[in-house]
Amino acid sequence: FDPRTNTVNLSDTVSGTPSVAAMAVTAHELGHVQQYQTRSRLIAARGFLLPAVQFSPVVSYICIIAGLVLNMTGLVWVGVIFFGLLVVFSLLTLPVEIDASRRALRMLKEAGLTAAPADAEGSKAVLTAAALTYLAAAVSAVMTLLYYVMLARD
């Protein structure tokens with residue numbers, strides 16, 4: 001879902017494949033639409049950070065590398081702080097995505113699209129797997145931040 005244009009964009013595979021996975025992914029994106037319609041605080045917070053997150057990785061890497069090469073601990077810490085914005089964004093993304101999946105499962109059930117147990121289980125499996133990717137990204141971001149903190153402290 002792109003809130004700037006208020007559109008849901010689906011890949012050709014998702015929009016053109018009649019499958020439980022495609023149905024779950026589509027419902028998940030519609031879950032994001034609901035989040036914006038209900039003015040979810042989490043998605044608002046994530047949206048607030050979005051402009052900073054678009055440039056913070058580049059700034060953080062430049063500052064960290066330059067600080068290490070030039071032996072300027074303060075510059076490394078500036079990079080760590082900018083990378084921290086990315087970590088906060090990643091941590092905020094996790095509950096936003098879990099909520100969108102929760103909404104998706106409810107929508108599918110209310111629409112009668114998961115009346116068959118296999119469809120309900122398949123939808124839940126797809127959405128759980130998607131949530132786990134966001135969890136992995138958040139854990140990775142936190143671990144990378146801790147690594148950068150260790151570099152800055154040496």
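These exercises work through two residues and the aromatic rings of one predicted model.

Residues are numbered from 1 along each chain as its sequence is written. In this predicted model, local features need pLDDT of at least 70, side-chain atom pairs count only at pLDDT 80 or more, totals for chains, interfaces and linings use all residues, and side-chain values use heavy atoms, with hydrogens and water left out.

**Exercise 1. Place Val-14 and decide: is Val-14 buried or exposed?**

Step 1. Find the element. Val-14 sits in helix α1, residues 12–16. Helices are DSSP runs of H or I with at least four residues, numbered from the N terminus.

Step 2. Apply the cut-offs. Buried means under 20% relative accessible area, exposed over 50%, and partly exposed in between (1.4 Å probe, protein chains only). Val-14 has 17%, so Val-14 is buried.

Step 3. List the contacts (heavy atoms within 4.5 Å). Leaving out residues up to four places away in sequence, Val-14 touches Ala-22, Val-25 and Thr-26.

Step 4. Look along the chain. Lys-124 is 110 residues from Val-14, and their C-alpha atoms are separated by 16 Å.

**Exercise 2. Which residues does Thr-114 touch, not counting residues up to four places away in sequence?**

Step 1. Locate Thr-114. The loop between α4 (73–110) and α5 (117–153) holds Thr-114.

Step 2. Check the area. Thr-114 has a relative accessible area of 14%, so Thr-114 is buried.

Step 3. Read off the contacts. They are Met-23, Leu-108, Lys-109, Asp-119, Ala-120 and Ser-123.

**Exercise 3. Describe two aromatic pairs and the cluster.**

Step 1. Set the rule. A pair of aromatic rings is described by the distance of the centres and the angle of the planes. Rings of Phe, Tyr and Trp (its six-membered ring) pair if their centres lie within 6.5 Å; planes under 30 degrees apart count as stacked, over 60 as edge-to-face and the rest as tilted.

Step 2. Count. The structure holds five aromatic pairs.

Step 3. Take Phe-1 and Tyr-36. Their ring centres are 5.3 Å apart and their planes stand at 50°, so the pair is tilted. The pair links distant parts of the chain, 35 residues apart: Phe-1 is in the segment before α1, and Tyr-36 is in helix α2 (residues 20–37). Phe-1 is buried at 19%, whereas Tyr-36 is partly exposed at 32%.

Step 4. Take Tyr-61 and Phe-83. This pair is tilted, with 6.2 Å centre to centre and 45° between the planes. Tyr-61 is in helix α3 (residues 41–69) and Phe-83 is in helix α4, 22 residues apart. Tyr-61 is partly exposed at 36%; Phe-83 is buried at 4%.

Step 5. Extend the network. Ring pairs join Tyr-61, Phe-83, Tyr-147 and Tyr-148 into a cluster.

Technical notes. Helices (H or I, at least four residues) and strands (E, at least two) are DSSP runs, numbered from the N terminus.
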